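Student: I'd like a close look at one spot in this structure, and then at how two of the chains meet. Could you take me through it?

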Amino acid sequence: MRPVTRRAVLGGLLATPLLAACAGFDTSGAAAPGTVGFLSTQFTPVEERQRFEKVLRSQLPVPVAYNPVEGGVFTTTIKSQAQARNVRTALIGGLYNDLAPLADAFDDVGGILGQLSGAGYPDEILKLTTLGGSTPKFVPWMQATYIVAVNKQALQWLPAGADVRELTYDQYLAWARAAQAAAGRPVFGIPAGPKGLFYRFTQGYLLPSFTGGQVTTFRGADAEAAWTYMADLWAATAPASTNYEYMQEPLARGEVLVAWDHVARLVGAAKDKPDDWLMVPAPRGPKGRGYMLVLAGLALPKGGLERPAAEQVIRGIAGAGMQVETLRQNAFFPVTSVPLPPDLPGAIAGEAAAVKAQAESRDAILSLPPVGLGSRDAQVGQVFKDCFRAICLNRRPVRQVLDEQAERLSALLADAKVPCWSPDPAAPVCAVA
Amino acid sequence: MAAPTLDRDTEAPARRTRRARKGPSGLLLIAPSLVFMALLFGWPMVQGVLLAFRGDQGFTLEFVQRMVTDANFWPAVRNTLLLIVVLIPVQFAFAIAMALLLRAKPRLANVYFFVWAIPLAVSDLAAGLVWLAVLTDRGYLNSLLVGVGLPPVAWLAFDNWTSLFLAVLIAELWRATSLVLVIVVAGLQGIPRDYEEAAAVFGASPWQRLWKVILPLLRPSLQVALILRTILAFQTFAVARALTGDNFPVLVGETYRWYVTLQNPGVAAALALVVLVLSMVTSVVYLRTLRSEEVR
Amino acid sequence: MTAPDRAPLRRHRRNRVLLQVACVAVTAFMAVPLYLITLAAVSSRASLNAFPLSFLPTDLSLETLGAFLSSTGVVPSFGNSLIVGLWTLVLSLLIGVPAAYGLARTPFAGKEPYQLFLLFTRALPIVVLSVPLAQLFLTTGLYDTTYAVILLHTALSLPTTILICASVFLAVPVDVEEAARVFGCTQAQAFRQVVAPMALPGIAAAAIFTFVQSWNEVLAASILTLNRRTLPAQVLSSLGDSPLAYRFAGGFALVLPALLFIALMRRYLTNMWGSTIR
């Protein structure tokens with residue numbers, strides 16, 4: 001009877017789709033009318049997504065179907081829907097450089113920004129909302145930056161007289177070397193994996209701190225000093241860093257004890273045992289303390305569904321409740337001028353203090369990711385990634401690499417013809433000096 | 001009545017008028033597949049090819065140029081080709097050996113076959129994940145070494161190309177041999193044991209039986225397995241990416257990088273065309289050299 | 001009378017033992033990574049952060065697996081994947097098996113171009129076709145339905161189905177089929193009664209590949225659907241950024257159904273009309 005039983009099972013399996021030949025089951029809750037379909041690149045990790053959905057449900061009166069996808073799918077979905085003139089989303093959310101190449105697919109949001117004028121968006125953030133155009137295309141959603149997480153075990157090797165919250169880059173390097181010597185292996189880490197954000201370190205922290213600029217000073221003598229420093233730091237950094245995309249797991253596993261990374265990618269390490277960890281601002285260099293701002297925004301697709309409800313969601317997200325809860329749950333900071341509550345969980349409170357100290361230091365140099373480059377932003381980022389690979393991993397001479405990459409950077413900038421962005425001095429067309 | 005033709009030679013002319021059998025002609029049988037594929041892939045394929053050559057001002061070779069001058073291009077070509085040249089023969093030898101082991105009817109053959117076919121069900125992303133967990137610095141392999149008192153080794157160190165290559169090789173061997181195994185086992189079912197037994201009676205050694213009896217009869221299955229496996233081998237990148245990040249570039253990995261990370265569909269399409277051309281060339285070679293003799 | 005020569009028997013026994021040893025060695029290579037993924041999927045997160053990692057199930061916890069299964073959209077997407085996988089199977093066999101028969105048996109010029117045409121679509125990385133494909137389904141109104149994914153998956157699996165089945169049909173001797181025709185069967189009857197049973201292992205192999213490939217396929221499913229996703233589309237992008245424990249839980253949950261399908265189909269793989277070779 002065996003073959004019959006097997007066939008019966010197969011037959012039963014085949015019958016199921018025949019009976020349920022519907023177009024598919026709803027996986028994000030967007031089927032109900034009045035739901036705002038929210039396509040975003042943020043909060044893709046499972047737990048972050050679950051927490052954010054809970055926050056959306058508790059804070060907003062409108063039902064939202066949150067749909068986080070990765071970058072490639074995000075771009076393809078928006079582009080193909082725009083080109084086919086059949087848009088199926090209501091609200092789009094992403095980082096500045098996710099939204100910038102797709103600016104043409106978004107409606108103007110000047111009206112909504114006007115309604116939200118009381119929220120207290122900082123001026124430099126408002127300037128970014130035009131995505132390089134003339135009208136505002138997105139409403140600021142949340143912001144983040146990068147700091148350094150320190151396992152308290154590593155403090156024993158801190159150079160004498162150094163304050164861990166006020167380190168210079170030289171002290172940082174000395175610390176890394178002392179830790180390596182004492183522990184027998186390098187214990188400092190950087191996210192240098194394929195999806196790691198390490199190139200933002202070079203763009204927003206290293207180069208501004210050493211040279212005062214990001215692209216205009218790309219091939220100067222100060223830049224050479226910066227990259228020579230980087231090669232030295234790499235020698236004292238865990239080589240497995242080329243596989244790290246997020247630092248929270250290597251930190252939690254004890255593979256590294258000190259790491260620079262995005263605030264949201266560090267918080268997981270300290271969540272279980274916040275007392276073992278210190279969150280500190282990044283070090284300072286000869287020209288100041290460079291730090292980078294990460295901005296996420298909300299956009300309305302042209303021809304999108306449920307427009308009134310989507311606008312309601314945007315207004316709700318700009319409210320104090322959402323802004324604070326997003327920080328509390330997922331470590332992304334508010335963009336509005338809402339005061340932070342005193343009862344933040346340990347790890348988040350530590351990060352908030354570090355972020356505040358970093359932004360408010362007397363010699364802080366605000367650095368932005370490239371503005372107005374559209375899809376070329378990724379290629380500019382590649383220039384910095386290639387510099388790191390050539391100088392640190394392949395040990396090529398710094399001057400030669402800088403000259404080569406400066407050519408590429410100049411070509412990209414000449415193509416784009418955009419004004420310079422912070423920290424470079426204002427100029428109508430940005431170019432490498 | 002016309003002589004029944006056993007001629008399935010591809011050079012047979014005038015197919016429709018030479019129908020010696022009643023029943024649908026070959027073209028009618030394959031027509032649905034042709035129509036289906038053409039409808040679904042026709043326009044997108046054209047668009048995809050155009051992507052590689054269409055710039056702001058019409059036809060341009062800038063994307064091809066950009067692709068060739070990229071620092072990762074030739075290493076990616078070399079790595080992909082090397083991987084294929086080393087991996088495919090090893091996989092086939094391994095799969096044929098496994099199929100023959102099964103054919104010798106050991107006890108628990110069913111259990112063995114099931115376990116050996118399991119990697120087929122594992123997606124390449126999951127396979128990359130598993131092998132990463134095994135080979136990473138604080139992974140299972142190093143846990144084993146430390147457990148027996150040996151020092152841990154950095155198997156996935158970015159500067160040890162050989163170690164990276166071997167890691168990708170072993171992971172791919174684990175993941176993809178099942179495909180060949182299943183095809184070979186299915187093909188072996190059609191080879192009656194009588195042939196082998198006759199050869200044995202006539203004094204052929206096991207090795208001779210393999211080379212002279214089994215493999216020739218297995219040729220159609222081997223040809224299909226070779227073509228499919230090679231084409232799929234050109235496409236794999238998930239395992240290499242999971243294990244090595246950007247340290248061991250392969251062609252389709254670069255395609256993804258240019259399309260998704262660098263947001264440059266033109267260069268990505270150019271890379272895709274390189275993969276297409278390489279796959280087609282190898283397929284044509286296989287089809288020509290492994291053409292089965294249609295003598296029955 | 002001389003004592004019977006036991007050497008051949010000893011050699012036979014030794015060969016059987018060697019055979020078992022070889023099988024066990026191969027099984028170890030294939031099974032150990034699977035054991036590890038299962039172990040990691042049901043281990044607690046703390047144990048996955050320790051070093052050296054334990055090879056034994058000492059610190060079990062269904063927490064990550066449970067959290068994964070209860071995360072948004074996993075259960076509906078599981079249903080979607082099942083629908084897509086099974087319908088793709090049906091459709092690709094319906095279109096592919098006759099085409100394979102035509103390729104193997106009937107004469108027509110252009111066999112090689114036909115095979116190359118089939119391989120063409122499989123050889124081009126479809127990531128560069130993302131936007132045109134999505135546009136195609138958007139304009140035809142099939143976007144964000146399982147129908148779109150079924151159609152595309154069928155197109156992706158037709159090459160394997162047709163080529164594998166054709167190779168197996170080629171191996172079925174024509175004489176047997178001719179004999180059936182001589183005895184009064186039409187070509188269709190001859191196919192069903194004679195060729196198909198003998199070619200069942202090949203058809204089963206093609207069926208396994210089609211289902212498993214469709215089950216694990218993530219790119220096409222991600223770009224063709226938005227709110228009615230298959231399991232990989234729903235889950236794999238988030239898994240890639242999630243902590244290690246979730247990746248194991250997700251990987252394990254993804255593997256299980258495909259495994260079940262293989263378990264169901266493998267009997268057909270090694271089952272031949274007339275002479276069963278188990």
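Student: Which is A:Ser40, buried or exposed, and why?

Tutor: This is a predicted model, where local features need pLDDT of at least 70 and side-chain atom pairs count only at pLDDT 80 or more, while totals for chains, interfaces and linings use all residues. Residues are numbered from 1 along each chain as written, chains are lettered from A in written order, and side-chain values use heavy atoms, leaving out hydrogens and water. A:Ser40 counts as buried because its relative accessibility is 0% (buried means under 20% relative accessible area, with a 1.4 Å probe and protein chains only). A:Ser40 sits in strand E1 of chain A, residues 36-40 (a strand being a DSSP run of at least two residues). Skipping residues up to four places away in sequence, A:Ser40 touches A:Tyr66, A:Asn67, A:Pro68, A:Val69, A:Phe74, A:Gly93 and A:Trp141 (contact means heavy atoms within 4.5 Å).

Now for the two chains. Chain C puts 107 residues into its contact with chain B, which brings 105. Together they bury about 9,700 Å², 76% of it on carbon and sulfur atoms (that's accessible area, 1.4 Å probe, lost on being put together and summed over both parts). The rule finds one salt bridge across this interface (a Lys or Arg side-chain nitrogen within 4 Å of an Asp or Glu carboxyl oxygen). C:Glu112 pairs with B:Arg288 in a salt bridge, with the closest N and O atoms 2.7 Å apart. Several helices of chain C each supply at least two residues to the side touching chain B, including H4 (74-105) and H9 (187-216) (helices are DSSP runs, H or I, of at least four residues). H1(C) gives the most to that side, with 17 residues.

Terms used: Buried area is the accessible area (1.4 Å probe) that two parts lose on being put together, summed over both. Buried means under 20% relative accessible area, exposed over 50%, partly exposed in between (1.4 Å probe, protein chains only).
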